[in-house]
Amino acid sequence: MIELPALGWQSIVIFVVFAVSLLIATYCTYAERVIAAFLQDRVGPDRAGPYGLAQPLADAVKMFTKEEFFPGGANKALFVFGPCLAMITALMSSAVIPFGNNITFGNNAFFLQGIEVNIGMLWIFGVVSLGVYGVMIGGWASNNKFSLLGAVRAASQNISYELAMGMALIAVLMMSGTLSLREITLQQSVAGEWHFWNIAKQPLGFIIFLVCAFAETNRTPFDLPECETELVGGYHTEYSSMKLGLYLFSEYVNIFVVSAVMSVLYFGGFNFPFQYELRDWFVNSQGWELGSAQNLITILGTLGLFAKIFAFIFFFMWIRWTLPRFRYDQLMRLGWTILIPLAVINILITGGLILFGVIQ
């Protein structure tokens, strides 16, 4: 076994996390087309490679080889910086997500997580909040009124929904007492009590968080910043080539990250039913060493987490091809007059249940 310092192993984990995020986001574009074709009873991508599996590579070649231009009067530096910022912030938010428990190789033990900080949720909220600047900068630097309107919509939309999303999260933090995503996950892994995931304690908070996630990622029915019927193409109307690709790609990375966060906060993260019973069976009945059994449980837990993430990604795409787009006034009314009051009520109910010892 190769002996590496802790920093070396952690660097490998960070590289793998970013690589997996990019790979999943790449094939989300393929999954979007396949799911849309299935729901609309038509043929999806089937020419580029077997079953169309090389379609994302074909799209990448198309983006790289398309003509690149700058609109007249555009701020060139900010025009390039906008999509770069959107992509960087999307990737940075995946660094604190725990994709698995500890795993051991020889004398080296490490967590399947880019970085572990005790303010993990604040990190995600802070980085995601910076992502809207990428949209605003791109819309303003384009020197196009439709792009500017899309950027303004994105800013006001994110402000209204981040408030409700943050308050839905507060209820989870009241129960867990920590901002660390790893600690929140481990608190949902009590032996023999797998059914006590946070979704059982916070159903209303989860629904609020889920609705806000659609607005946060600019997905239908809340994709008003890029509403084609009103704004041509929204904030990225003037973009072409790979700069447009970065904007489109960052959306899928954000969907992956939001799906992972919801899986961790409400569905136990890398925990799965009867994991401790399965580990003890390997140790006691099959004669495995505890470390080897724990490694297997960690691998199964990671696969389980990705299954939850893929289920959420499918749900995002299902909703896109099912529900119509909201009007902008309807979207803002939903955020300010319905979701925020519901989030406040959820906090009060959670506080009362904690006070009387119903939940812990």
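Is D41 buried or exposed? In this predicted model, D41 counts as exposed, with a relative accessibility of 72%. That puts the residue over the 50% mark used for the label. D41 has its place in the loop between α1 (6–39) and α2 (55–65). Its backbone is worth a look too: phi is positive, at about 55°, even though D41 is not a glycine. Most residues other than glycine have a negative phi.

The loop between α1 and α2 also holds Y51. Here again phi is positive, at about 60°, and again the residue is not a glycine. Y51 counts as exposed, at 70% relative accessibility.

Now for the aromatic rings. Searching the whole structure turns up 20 aromatic pairs. One of them is made by F79 and Y239, and it is stacked: the centres are 4.1 Å apart, with 5° between the planes. Why does this pair tie together parts that are 160 residues apart in sequence? The reason is where the two partners sit, since F79 belongs to helix α3 (residues 76–92) while Y239 lies in the loop between α9 (228–231) and α10 (241–266). As for their surroundings, F79 and Y239 are both buried.

Y161 and F222 make another aromatic pair, this one tilted, with 5.6 Å from centre to centre and 35° between the planes. Y161 lies in helix α5 (residues 145–176) and F222 in the loop between α8 (203–216) and α9, so this pair links parts 61 residues apart in sequence. What about burial? Y161 is buried, with a relative accessible area of 0%. F222 counts as buried as well, at 4% relative accessibility. Both values fall under the 20% cut-off, which is why the two residues get that label.

Rings also come together in a group. F206, F209, Y266, F267 and F312 are linked into a cluster by ring pairs. Going by the helix limits already given, F206 and F209 fall within α8 (203–216), and Y266 is the last residue of α10 (241–266).

Finally, there is a contact between a charge and a ring. Which residue has its charged end over the ring of W197? That residue is K308, whose charged end sits 4.3 Å from the centre of the W197 ring.

Notes. Residues are numbered from 1 along each chain as its sequence is written. This is a predicted model: local features need pLDDT of at least 70, side-chain atom pairs count only at pLDDT 80 or more; totals for chains, interfaces and linings use all residues. Side-chain values use heavy atoms; hydrogens and water are left out. Rings of Phe, Tyr and Trp (its six-membered ring) pair if their centres lie within 6.5 Å; planes under 30 degrees apart count as stacked, over 60 as edge-to-face and the rest as tilted. Helices (H or I, at least four residues) and strands (E, at least two) are DSSP runs, numbered from the N terminus. Buried means under 20% relative accessible area, exposed over 50%, partly exposed in between (1.4 Å probe, protein chains only). A charge sits over a ring if NZ of Lys or CZ of Arg is within 6 Å of the ring centre and within 35 degrees of the ring normal.
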